[in-house]
Amino acid sequence: MARYGLVIDSSRCTGCYACLVACKSENSTAPGVFWIRIEEKESGEYPKVSRSYTPMLCMQCGDMPCAQGCPTEAITKDATGVILIDQEKCICENTKPCVGACPFGVLTVNNSKKSYFPEFLTPFEKEAYESHPQGALEKCDLCYHRITKDLLPACAQSCPTQAIIFGDLEERESNLAKLVAGGDAVPLNSELKVDPSVFYLK
């Protein structure tokens with residue numbers, strides 16, 4: 001059985017935000033709702049200053065800390081290891097214990113109605129935004145609707161420097177599996193021991 005995941009090469013990331021734009025376009029997330037973010041870090045002193053960028057998204061954890069914090073069992077894992085959210089079961093209104101349970105801070109709540117004016121939306125935008133329930137939990141699902149059709153996630157497809165590599169961790173001959181098996185790619189905050197499917201090159 002496949003286990004889908006990513007290897008991210010932060011050294012290749014230039015902070016162009018193509019992955020973020022592609023993600024929002026593909027998934028029609030509302031203003032202020034992001035399934036992927038870019039963490040920027042500046043180091044050094046003038047005049048020798050450098051800036052690094054690290055794409056952050058759902059790590060698709062095998063142990064699912066978020067699901068352990070969910071009182072309604074709305075967060076589940078499918079046979080390919082992708083973590084999915086059942087929006088009908090996601091009924092916590094005021095607080096989302098799952099958000100605090102995620103050690104990577106990559107879960108977001110759609111509280112976007114105050115961020116835009118419906119009367120100024122195009123019909124396409126209105127339909128797209130309304131497909132995301134207000135107050136519901138949202139996160140990256142590796143573009144589940146795409147990978148189940150043998151397409152790349154939008155972020156991996158759009159990255160101009162190929163900093164995001166998608167693949168099957170169980171396919172031993174794949175580039176992604178070799179990077180992980182060889183120890184070149186490691187989990188973020190490995191001390192957490194959450195069995196993620198997203199890895200970062202050393």
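# Reading a predicted chain, feature by feature

Biologist: Pro47 has its place in the loop between β2 and β3 (48–57). This is a predicted model, and I would like to learn how to read it. What is the peptide bond from Tyr46 to Pro47, cis or trans?

Modeller: Look at omega for that one. The bond from Tyr46 to Pro47 is cis, and its omega is near 10 degrees.

Biologist: Thanks! Let me step back to the whole chain. How many helices and strands does the chain have?

Modeller: There are seven helices and ten strands in the chain. Along the principal axes, the C-alpha atoms fill a box of roughly 50 × 45 × 30 Å.

Biologist: And how does the radius of gyration of the chain agree with that of a compact globule?

Modeller: The idea is to set the value beside what the residue count would give. A compact globule of 202 residues would have a radius of gyration near 17 Å, and the chain has 17 Å, so the two agree.

Biologist: What share of the residues count as buried?

Modeller: Buried here means under 20% relative accessible area. By that cut-off, 47% of the 202 residues are buried. Contacts add to the picture: among those with a separation of 6 or more, 63% join residues 24 or more positions apart.

Biologist: Which residues of helix α1 are buried?

Modeller: Helix α1 spans residues 18–27, and its buried residues are Cys19, Leu20, Ala22, Cys23, Lys24 and Asn27. Their cover includes β2 (36–45), α5 (144–147), α6 (154–158) and β8 (164–168). Move on just past α1 and you meet Ser28, with a positive phi of about 55 degrees.

Biologist: Which residue in the loop between β9 (185–186) and β10 (198–201) should I look at?

Modeller: Try Asn189, which lies in that loop. Asn189 is not a glycine, yet its phi is positive, about 55 degrees. With a relative accessible area of 36%, Asn189 is partly exposed. Asp195 is also found in the loop between β9 and β10. Asp195 is not a glycine either, and its phi is positive at about 55 degrees. Its relative accessibility is 39%, so Asp195 counts as partly exposed.

Biologist: Last, the surface and the charges. How many positive and negative side chains does the chain have?

Modeller: Count 20 positive and 26 negative side chains, then compare where the two sets are centred: the centres lie 3 Å apart. As for the surface, the accessible area of the chain comes to about 11,400 Å², and 51% of it belongs to carbon and sulfur atoms.

Terms used. Residues are numbered from 1 along each chain as its sequence is written. This is a predicted model: local features need pLDDT of at least 70, side-chain atom pairs count only at pLDDT 80 or more; totals for chains, interfaces and linings use all residues. Side-chain values use heavy atoms; hydrogens and water are left out. Buried means under 20% relative accessible area, exposed over 50%, partly exposed in between (1.4 Å probe, protein chains only). Helices (H or I, at least four residues) and strands (E, at least two) are DSSP runs, numbered from the N terminus. Contact means heavy atoms within 4.5 Å. The radius of gyration is taken over C-alpha atoms; the globule rule is 2.2 Å times the number of residues to the power 0.38. Accessible areas come from the Shrake-Rupley method with a 1.4 Å probe; for residues, only the protein chains shown count as cover. Lys and Arg count as positive and Asp and Glu as negative; His and the chain ends are not counted. The place of a charge is taken as NZ of Lys, CZ of Arg, CG of Asp or CD of Glu.
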